Amino acid sequence: MVKGKFGRFWTHAVERLFDLDKITFEDILIRESVIGDIMDFAQENHPKEFVAFFHGIIRKKQLIIDALVYNEFSASENSAAPIFHFADKSFYGSVHSHPGPSNRPSRADISFFHKTGIIHAIICRPYTRESVRFYTQNGEPVTIKTIP
Ligand SMILES: [Zn+2]
């Protein structure tokens, strides 16, 4: 797990991405309940992958990931193919599971990250809190603070 302060990084990345919308925030937080949902969904779907999207709100210059949006879709052990439309700007990223022991993003994952938001997570077996890892759009690991 990479630790560190990413305030400056996020401001940068987000300004670039949301330039036209003039939306800025300086930090990203995630609710505990969302982490719990990620672990539950991963377990329920095993050995298939699951994919969900991060719903967020911006408050006091913080992006708070407050819910998962989970679509029914067909998946195999090797691939997850959600059908999803990003008309709603309150979606900020994605999470998916790896039925194996690695939560590192594949090449395909990173290209998926680029299409689906700015913050992403992968959970691998055994689907515990420790097996959830967050990534930037480019697949660089980041630490996200949790809030109740
Ligand atoms: Zn993956």
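These notes cover the sheet and the two helices that lie across it.

1. Basis. The model is predicted: local features need pLDDT of at least 70, side-chain atom pairs count only at pLDDT 80 or more, and totals for chains, interfaces and linings use all residues. Numbering starts from 1 along each chain as its sequence is written.

2. Sheet. Eight strands make an open, mixed sheet ordered β7-β6-β5-β4-β2-β3-β1-β8. Strands (E, at least two residues) and helices (H or I, at least four) are DSSP runs, numbered from the N terminus. Two strands pair if DSSP finds at least two bridges between them. The edges are β7 (141-142) and β8 (145-147), each paired on one side only.

3. β2 and β3. Strand β2 (residues 51-59) pairs with β3 (residues 62-70) in the antiparallel sense, over eight bridges. I57 has I64 in β3 as its bridge partner.

4. β6 and its neighbours. β5 and β6 are antiparallel over five bridges. I119 stands opposite T136 in β6. β6 and β7 are antiparallel over two bridges, and F134 has V142 in β7 as its partner. Four residues separate β6 from β7 in a hairpin, and G139 in the turn has a positive phi of about 85°.

5. Burial. Four of the five β6 residues are buried (20 or more other C-beta atoms within 10 Å of a residue's own, with C-beta atoms placed from the backbone).

6. Helices. α2 (residues 32-45) runs at about 25° to β3 and lies across strands including β1 (27-31) and β4 (91-98). α3 (residues 107-116) lies across β2, β4, β5 and β6, at about 155° to β4. Angles run from 0 to 180 degrees between N-to-C directions, with axes fitted to C-alpha atoms, for helices over the stretch in contact (C-beta atoms, placed from the backbone, within 7 Å).

Notes
Buried ≥ 20, exposed ≤ 12 C-beta atoms within 10 Å, placed from the backbone.
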